[in-house]
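Me: Could you take a close look at one part of this predicted model for me, the place where the two chains meet? I'd like the salt bridges walked through properly, along with whatever surrounds them.

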Amino acid sequence: MNDGQIPVTINGKHIRVKEGTSVAAAVMMTGEPCRYSVQGQPRGALCGMGICMECRMSIDGVPHRRAYQVLCAPGMKVVSE
Amino acid sequence: MKTSFDVVVVGAGPGGMAAAAVAAEAGKSVCLLDANAAIGGQIWRGNSAEAAGHGPHAGEFAAWSLRVAGSGVAVRQGVEVVDVPAPGLLRIESEGGGDEVSFEHLIPATGGRERFLPFPGWTLRGVTGVGGLQALVKAGLDIRGTRVVVAGTGPLLLAVAAAMKRAGASVEAIVEQAPLATLLRFGVAALSHPAKLIEGAGYRSEMLSASYLTGWWVTRAGGTDRVESVTLSCGREEKTLACDWLACGYHLVPNLELPRLLGCTIQAGYVAVDDMQQSSVPGVWCVGELTGIGGMEKAIVEGQIAGFASAGFSERARALARRRRKWIDFAASLDRAFTPRPELRALPTAGTIVCRCEDVTHEQLAPKRNWREAKLHTRCGMGPCQGRICGGAAEFLYGWDVAAVRPPVFPAKVSTLAAEEHAATVRGA
């Protein structure tokens, strides 16, 4: 990680990823969770194909986006839910 | 945008692409709806590399992509089907909002998903599905230098372990729950499928350096908030391995939400179809994993049959009957070989979360009598995944029938549903 060209911010952490990296993959590399469960457990992507909904995050202010499905774009701001 | 078609295909994996191309080549107007950003489905995901000739199935993907593009199929990506508000009509949702598409014939080719079985620690970050980890790596997750354990059951284990090794990870172990005797029986059955055997052997030789365990299974994952270790058992002894990623999944189950919404008869876990792939609902043709977990080749044959049959060319469909039979038999042998063992029912402890969306524990669910009672009393299956993950687990752990679906079958915006109400009023429904 951190050897790519696309700068994104995940929970305030700045990283650079390669073009074509999904937000879910980028988040997993930062050590940040995608979301916190109803009991407050940190969760990350499970199924990788948009079914389990564990990867839903707020991306550029839009809540509940499935991070596996969204590609990182320059300047994107991603926040755990 | 045109919204009425002779044939609408849902899902652009191998089966959906084959069905759409064949029906369009036969002169029908065809729309191919797909949830992802690019065609190819889960198996051909990240298909830019495949198209460039690097993937194991590059040839097939390139050929079917050309046929879809060259036959005038209207491809719509990033689309979820949320409802079937009237016969011959689909309610869909995309980033652009809600919409409707009408059809004469519908070909659901919605594929399968991994079966997840809960064990203590399965909610830790770094625990993923087997296909799940592969999908994340294809989407840019850098696993170079990390320790990976691939576990569960099914033909995906070896393929994914090999891919993880190629991506630079150290594969610490491949842990197949099926006993060796069962696998050998399966191997004998596979002799009539040389392509599958060679594929399997190739993965095996590549993985010889990793420890390949059969008749072993994951009993728990350890770690504070991220996975740090995995404990395995063979029933007589246990061993614990340190790992950074635990990819664990128990073969595949079909995505039956759309066929169920359409009223298709389901038998023994799959959509019941005739030899033309037509379901119990006339004009609804189901292909691929929906009719039996058999992989790409089965999906392509069945997709072509449904494409021909829905376009009225049943003779051409019938010409594929022998190949179809071969892959149906193959799918049945996979199901027999990779049946989850009963010991896996004993893995959850009282506090193990079964429903990840709503954090419902095994202790809360075990006393319930059925799925409906569990949903009403605990909210199990009522979260955003709508039971797609915990439903299969509850079926296996408690023996519940989790078949009921109701629209919207995928989380939808209120505006999409409001538009549906409006459209129904206009139609006089």
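Reply: Start with B:Glu95 and A:Arg65, whose side chains meet in a salt bridge at 3.8 Å, N to O. This pair crosses between chains: B:Glu95 sits in the loop between strand S5 (89-94) and strand S6 (97-108) of chain B, while A:Arg65 belongs to strand S6 (residues 62-66) of chain A. B:Glu95 counts as exposed because its relative accessibility is 64%, whereas A:Arg65, at 23%, counts as partly exposed. Keep in mind that the model is predicted.

A:Arg66 has a partner across the interface too: its side chain and that of B:Glu80 meet in a salt bridge at 3.2 Å, N to O. Between chain B and chain A the rule finds 4 salt bridges, and a search of the whole structure gives 22 over all chains. Polar contacts between chain B and chain A come to 14 residue pairs, both residues at pLDDT 80 or more.

Which elements of chain B each supply at least two residues of the side touching chain A? They are strand S7 (112-114), strand S8 (127-128) and helix H4 (130-138). H4(B) gives the most, with 4 residues. By type, the residues on that side of chain B divide into 16 nonpolar, 11 polar and 12 charged.

Now for the interface as a whole. Here 39 residues of chain B are in contact with 35 residues of chain A. The area buried between the two chains is about 2,800 Å², with carbon and sulfur atoms giving 56% of it. On the chain B side, B:Arg125, B:Arg356 and B:Asp359 lose the most area to chain A, together 21% of what that side buries.

On the chain A side, have a look at A:Ser22, in the loop between strand S2 (13-17) and helix H1 (23-30) of chain A. A:Ser22 counts as buried because its relative accessibility is 2%, and the cut-off for buried is under 20%. Leaving out residues up to four places away in sequence, A:Ser22 touches A:Ala67, A:Tyr68, A:Val70, A:Leu71 and A:Cys72, as well as B:Ala139 from the other chain.

Back to charged pairs, this time inside chain B. B:Glu358 forms a salt bridge with B:Arg379, the closest N and O atoms being 3.2 Å apart. B:Glu358 lies in the loop between strand S19 (353-355) and strand S20 (360-361), and B:Arg379 in the loop between helix H13 (371-378) and helix H14 (390-398), so the pair ties together parts that are 21 residues apart in sequence. B:Arg379 counts as partly exposed, at 41% relative accessibility. Then there's a network: salt bridges that share partners join A:Arg35, A:Arg43, A:Glu54, B:Arg356 and B:Asp359. Two of those names came up above, since B:Arg356 and B:Asp359 are among the chain B residues that lose the most area to chain A.

For a pair within one helix, try B:Asp329 and B:Arg325, whose side chains meet in a salt bridge at 3.2 Å, N to O. Both lie in helix H11 (residues 321-337) of chain B, 4 residues apart, about one turn of the helix. An α-helix has 3.6 residues a turn, so residues three or four places apart point the same way. B:Asp329 counts as partly exposed at 40% relative accessibility, and B:Arg325 counts as partly exposed at 46%.

Methods: Residues are numbered from 1 along each chain as its sequence is written. Chains are lettered from A and ligands numbered from 1 in the order in which they are written. This is a predicted model: local features need pLDDT of at least 70, side-chain atom pairs count only at pLDDT 80 or more; totals for chains, interfaces and linings use all residues. Side-chain values use heavy atoms; hydrogens and water are left out. Contact means heavy atoms within 4.5 Å. Buried area is the accessible area (1.4 Å probe) that two parts lose on being put together, summed over both. A polar contact is a pair of N or O atoms within 3.5 Å; within protein, one must be able to donate a hydrogen and the other to accept it, and residues adjacent in sequence count only if both atoms are side-chain atoms. Ala, Val, Leu, Ile, Met, Phe, Trp, Tyr, Cys and Pro count as nonpolar, Asp, Glu, Lys and Arg as charged, and the others, Gly among them, as polar. Buried means under 20% relative accessible area, exposed over 50%, partly exposed in between (1.4 Å probe, protein chains only).
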